[in-house]
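Me: I have a model open here and would like to take a close look at one part of it with you. Could you walk me through it in one go?

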Amino acid sequence: IDALAYNGKRLTQWYSGFHICSPSRAAMLTGRLCVRSGCCGGWQGGVFRQNAIGGLPTNETTFATILKKAGYKTKAIGKWHLGVK
């Protein structure tokens, strides 16, 4: 791990796409602002609940899709929490 840190790039700042989990996760996975992916507003509470309207569209391109097409293997671990549709 030390060799990876020494030879790699050190990133010391992070700018979030939004101030709460669902919209910022959508921004991180797609590289788009949450208002462009349908994950930023239109519901109460700021995260997706059972009565939420909206969510990440099924035809949205994520970095995982791009990496898969380039020959990488991808896997989703943890909560999705990007909409109810």
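To get my bearings, how many helices and strands does the protein have? Then please zoom in on the salt bridge: which side chains meet in it?

Reply: Happy to, and keep in mind that this is a predicted model. The protein has four helices and zero strands, so reading along the sequence gives you the pattern α-α-α-α. Of its 85 residues, 24% count as buried. The exposed surface comes to about 7,000 Å², with carbon and sulfur atoms supplying 57% of it. As for contacts with a separation of 6 or more, 54% of them are between residues 24 or more positions apart.

Now for the part you asked about. Searching the whole structure turns up one salt bridge. The side chains meeting in it are those of Glu60 and Arg32, at 2.9 Å from N to O. Glu60 sits in the loop between H3 and helix H4 (63-69), and Arg32 sits in the loop between helix H2 (21-30) and H3, so the pair ties together parts that are 28 residues apart in sequence. As a bit of background, side chains of opposite charge can pair when their charged atoms come close. The two partners fall into separate burial classes: Glu60 is buried, at a relative accessible area of 14%, while Arg32 is partly exposed, at 33%.

Follow Glu60 a little further and you get to Ser37, which touches Glu60 along with Ala26, Gly55, Leu56 and Pro57, leaving aside residues up to four places away in sequence. Ser37 belongs to helix H3 (residues 34-37). It counts as buried because its relative accessible area is 1%, under the 20% cut-off.

While you're in this region, have a look at the cysteines too. Cys39 is buried, at 0% relative accessibility. Its sulfur has the sulfur of Cys34 as its closest cysteine neighbour, but the two are 7.5 Å apart, so that is too far for a bond; a disulfide would need the sulfur atoms within 2.5 Å. By that rule, the count for the model is zero disulfides. Cys21, for its part, is partly exposed, with 27% relative accessibility.

So, back to your salt bridge: it joins Glu60 and Arg32, and the Glu60 end also touches buried Ser37.

Definitions and conventions. Residues are numbered from 1 along each chain as its sequence is written. This is a predicted model: local features need pLDDT of at least 70, side-chain atom pairs count only at pLDDT 80 or more; totals for chains, interfaces and linings use all residues. Side-chain values use heavy atoms; hydrogens and water are left out. Buried means under 20% relative accessible area, exposed over 50%, partly exposed in between (1.4 Å probe, protein chains only). Helices (H or I, at least four residues) and strands (E, at least two) are DSSP runs, numbered from the N terminus. Contact means heavy atoms within 4.5 Å. A salt bridge is a side-chain nitrogen of Lys or Arg within 4 Å of a carboxyl oxygen of Asp or Glu. Accessible areas come from the Shrake-Rupley method with a 1.4 Å probe; for residues, only the protein chains shown count as cover.
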